Amino acid sequence: MSLQISVLPVTAFMQNCRIFSKDDSKEAIVCDPGDNANEIACMLEDADLKLAGIILTHAHLDHIGGVAELSDLTGSPIYGPGADDQILIDEITKQSKGLGLKPCRPFKPRFVADGQILKIGSIPELTVISTPGHTPGGVCYYCKDEDFVLTGDTLFKLSMGRTDFPGGDQRALYISLLRLANLPDTTRVLPGHGMDSTIGYERANNPYLAEAYNLLNDNKL
């Protein structure tokens, strides 16, 4: 695999911040830097990597808490999530107080839309899949060339994201799960928390995905 992937668990919620890089180009992108901006910047500098972009799956604090600082440190643009998560970005300081985390500040991303193709530096293309439910503007990023999908807090190994936060919608999340289930069986699922999986494994074993199929068959979605 030409693309190198490093995982840095951040915040007390052990969110999987991921760094994608290519040695030949010395470029990288970071997905969901919820904290540890200085550490991430130092890791990039030590590896002689230039940060070409920050991508976000959704705007909960454990995924975006370090975004403004990391962008300031590196000069990197910010992509995502969907525009419907603007309210969560606006309330980032309130989020940090509510969760007992260090204060964070809002930022201005380049919001993404369903079906949009992101070509960030030399990193392989990422296709945006709109996956509301956990948050209104949640998205996933599918990389066909490297056969993985970044699922944020939409799809976990044998589980799915919560819908009891403000803006959550269980029906929308079930529909989002079904969208992801249309990806190839071999596609690696890289979630925001917990262990990696594959679409094939989740289609066969995830009880929430099974429930989504049952609701669909009963014309309840």
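Two strands are said to pair if DSSP finds at least two bridges between them. With that in hand, this predicted model can be described sheet by sheet, beginning at the hairpin formed by strand 1 and strand 2.

**The sheet of 5 strands**

Strand 1 and strand 2 pair in the antiparallel sense over 7 bridges, and within this pairing V10 has Q15 of strand 2 as its bridge partner. The hairpin they form has 4 residues between the strands, and there T11 takes a positive phi near 65°. Both strands belong to an open sheet of 5 strands, whose order is 1-2-3-4-5 and whose pairing is mixed. At its edges stand strand 1 and strand 5 (78-79), each of which pairs on one side only. Further into the order, strand 3 and strand 4 pair in the parallel sense over 5 bridges, with E27 standing opposite K50 in strand 4.

Two helices are placed against this sheet. Helix 1 lies across strand 1, strand 2, strand 3 and strand 4, and runs at about 20° to strand 2, while helix 3 packs on the sheet by touching strand 3, strand 4 and strand 5, its direction making about 155° with that of strand 4.

**The nonpolar cores**

Which residues have the most contacts inside the largest nonpolar core? They are I40, I64, L70 and F107, in a core of 26 residues. Among the elements that give two or more residues to this core are strand 1 (4-10), strand 2 (15-22), helix 1 (37-46) and helix 3 (67-74), and the largest share, 4 residues, comes from helix 1. Leaving aside residues up to four places away in sequence, L70 touches V30, P33, A37, I40, A41, L51 and I54. Apart from this core lies another, of 19 residues, among them I55, L118, V139 and F148.

**The sheet of 6 strands**

An open sheet of 6 strands has the order 6-7-8-9-12-13, again with mixed pairing. Strand 6 (117-118) and strand 13 (197-198) stand at its edges with a single partner strand each, so one side of each is left without a neighbour in the sheet. Strand 6 runs antiparallel to strand 7 (residues 126-130), to which 2 bridges join it, and I117 stands opposite T127 in strand 7. Helix 6 packs on this sheet, touching strand 7, strand 8 (139-143) and strand 9 (148-152), and its direction makes about 150° with that of strand 7.

**Helix 6 and helix 8**

Helix 6 (residues 170-181) also packs with helix 8 (residues 207-217), at an angle of about 105° and with the axes 9 Å apart. Since angles of 65 to 115 degrees count as roughly perpendicular, helix 6 and helix 8 are therefore roughly perpendicular to each other. On the side of helix 6 the contact involves Y174, L177, L178 and A181, which meet Y208, L209, E211, A212, Y213, L215 and L216 in helix 8. The residues of this contact divide into 10 nonpolar, no polar and 1 charged.

**Backbone details**

The peptide bond from G80 to P81 is cis, with omega near -5°, and P81 has its place in the loop between strand 5 and helix 4. The table sets out two residues other than glycine that have a positive phi.

| Residue | Phi | Location | Relative accessible area |
|---|---|---|---|
| D147 | near 60° | loop between strand 8 and strand 9 | 22%, partly exposed |
| N219 | near 60° | segment after helix 8 | 69%, exposed |

Methods
Residues numbered from 1 in each chain as written. Predicted model: local features only at pLDDT ≥ 70, side-chain atom pairs only at ≥ 80, totals over all residues. Heavy atoms only, no water. Core = buried A, V, L, I, M, F, W, Y, C linked by side-chain atoms within 4.5 Å. Buried < 20%, exposed > 50% of the residue type's maximum accessible area, 1.4 Å probe, protein only. Contact = heavy atoms within 4.5 Å. Axes fitted to C-alpha atoms, helices over the stretch in contact; angles between N-to-C directions. Parallel < 35°, antiparallel > 145°, perpendicular 65-115°, else oblique. Nonpolar A, V, L, I, M, F, W, Y, C, P; charged D, E, K, R; others polar.
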